[in-house]
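Hello, and thanks for asking me to look at this one. Here are my notes, set out point by point so that you can follow them with the viewer open.

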Amino acid sequence: MTGFSFKRLYSLLRKEWIQVRRDRMTLRLIIALPIMQLFLFGYAINSNPKHLPTGLLLAEPSKYERTIVSALQNTGYYDVRLFSSEAEAERAIETGQALFVVNVPANFDRSVDRGEQPQILIDADATDPTAIGNATAALSAVVSEINRDLPPIRQGQSTTQPFQFVLHARYNPEQLTVLNVVPGLTCIVLLMSTLLITTLSITRERERGTMENLMAMPVRPIEIMLAKIVPYVIIGYVQVILILVISSVVFQLPIRGSIPLLLLALGSYIASNLALGLAFSTVATSQMQAQQLAQFTLLPSVMLSGFMFPFAGMPIWAQWLGEVFPTTHAIRIVRGVLLKGNGFATIAPELWPIALFTLAVLAAAVWSYRETLD
């Protein structure tokens, strides 16, 4: 063996470059991943959400109503719309359609004019304390704006505020971050474990040379898909039970809803992750490529789900994209069942997108598998 040779080095570099160019999918993922991260962190992530959906309940028409609504909207945190009944407001806050409900009591105008300092109750969905933190802090500035419409007898009384906001933090009175993080973490753990495991399933068969045995068997692609999914569904349920037990005992996580309902809903979420992993496994030509595809999906699934950053703070296009991923809906289901005690009727709108996603990617996996057999 002679000394170092630039000619041999050039030949090896040329060989490696040809190999890289042949693996076009990996090359695309290498380029696309940093671009996606840049756009997600640059445009989609916002820890100070504004224009939060807010409901307004009036016991009777108020001459100060326009002032209160304008002051709330001027903060930039509240998008106010009028609710016709308390039942409608309760439904909106249970389903997450409203993060705040402003309840103006009866005889509010007369109490303000008399200097009685009446109270306006604000119900806030505190399942995500980060989402409502800055909005609630801005309430103190709202009170002073009503002074412009006060009667002359009240304008000279600068020592007292004309009224008070009383915040009622629903579902998480102490606004503990752990009650927001732990339910979401359940979905993230399931996503990472089930997706990564099944992503490697078929590519592992191919690289080990056992794919020929599967091809020779008198079985259909859908049967192979289900055989690879079912064992990991059981493993996913074991993970869920462990997380719930530890969260309840160690972190005092309240369980206000039905555990069987939660397990049923999470079963559909586990199936969606497994189906997506199988789809990647049938498309990828190697385990490394399959892992890259899984990582490419993990990042937006976590970032756009509302787990790390408030969902309401994202731009509209990011929210639309986040609605595609099952993780977004699963986190809403888990938080709703555990913290709010939501029933099937309340979580049903979150279940059908997960089911639709599962059917779509499972069909893609079966189609890709058939193409591989051909």
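The points below go from the overall fold to single residues.

1. **What kind of model this is.** Please keep in mind that this is a predicted model. The mean pLDDT of the chain is 80, with 80% of the residues at 70 or more. Among the elements, helix 16 (residues 326-340) has the highest mean pLDDT, 92, while helix 8 (residues 152-155) has the lowest, 50. At residues 370-374 the pLDDT stays under 50, and for that stretch the model has five contacts beyond four places in sequence.

2. **Overall make-up.** The chain contains 17 helices and five strands. It has 374 residues, and 47% of them count as buried. Its accessible surface is about 19200 Å², and carbon and sulfur atoms hold 62% of that area. If we take the contacts with a separation of 6 or more, 79% are between residues 24 or more positions apart.

3. **The largest nonpolar core.** Which residues touch the most other members of this core? They are F83, L195, L262, L266, Y269, I333 and I347, out of 54 residues in the core. Two or more residues each come from helix 4 (86-95), helix 9 (178-199), helix 12 (221-250), helix 13 (259-283), helix 14 (287-303), helix 16 and helix 17 (344-373). Helix 13 gives the largest share, 12 residues. As general background, nonpolar side chains in soluble globular proteins tend to be buried together.

4. **Y269 and the second core.** Y269 is a good residue to click on: setting aside residues up to four places away in sequence, Y269 touches C187, L190, L191, P326, T327, A330 and I354. There is also a second core, separate from the one above, with 29 residues. L52, Y78, V102 and F108 are among its members.

5. **Helix 9: length and kink.** Helix 9 has 22 residues and should span 32 Å at 1.5 Å a residue; the distance between its end C-alpha atoms is 31 Å, so the two values agree. Helix 9 also has a kink of about 25°, centred on L185.

6. **Helix 14: length and burial.** From first to last C-alpha, the 17 residues of helix 14 reach 25 Å, close to the 24 Å expected at 1.5 Å a residue. Is helix 14 mostly covered or mostly open? It is mostly covered, with 12 of the 17 residues buried. The buried residues include Q289, Q292, T297 and S301, as well as L293, L298, L299 and M303.

7. **V302, a residue of helix 14.** V302 is found in helix 14 and counts as buried because its relative accessibility is 11%, where the cut-off for buried is under 20%. V302 and I188 are 114 residues apart in sequence, yet their C-alpha atoms are 7.1 Å apart in space. Apart from neighbours within four places in sequence, V302 is in contact with I188, L191, F307 and M308.

8. **Two more pairs that are distant in sequence.** I68 belongs to helix 3 (residues 65-74) and is buried, at 3% relative accessibility. The C-alpha atoms of I68 and V142 are separated by 7.5 Å, with the two positions 74 residues apart along the chain. S258 sits in the loop between helix 12 and helix 13 and is partly exposed, with a relative accessible area of 33%. From S258 to G343, 85 residues apart along the chain, the C-alpha separation is 7.4 Å.

9. **Two positive phi values to check.** Most residues other than glycine have a negative phi. H51 has a phi near 55°, a positive value in a residue other than glycine. H51 lies in the loop between helix 2 (24-44) and strand 1 (52-58) and counts as exposed, because its relative accessibility is 52% and the cut-off for exposed is over 50%. N107 is not a glycine either, and its phi is positive, at about 60°. The loop that holds N107 is the one between strand 3 (100-104) and helix 5 (108-113), and N107 counts as partly exposed at 34% relative accessibility.

Key. Residues are numbered from 1 along each chain as its sequence is written. Side-chain values use heavy atoms; hydrogens and water are left out. Helices (H or I, at least four residues) and strands (E, at least two) are DSSP runs, numbered from the N terminus. Buried means under 20% relative accessible area, exposed over 50%, partly exposed in between (1.4 Å probe, protein chains only). Contact means heavy atoms within 4.5 Å. Accessible areas come from the Shrake-Rupley method with a 1.4 Å probe; for residues, only the protein chains shown count as cover. pLDDT is the predictor's confidence in each residue, from 0 to 100. A nonpolar core is a set of buried Ala, Val, Leu, Ile, Met, Phe, Trp, Tyr and Cys residues joined through side-chain atoms within 4.5 Å. The expected span of a helix is 1.5 Å times one less than its number of residues. The bend at a residue is the angle between axes fitted to the seven residues ending there and the seven starting there.
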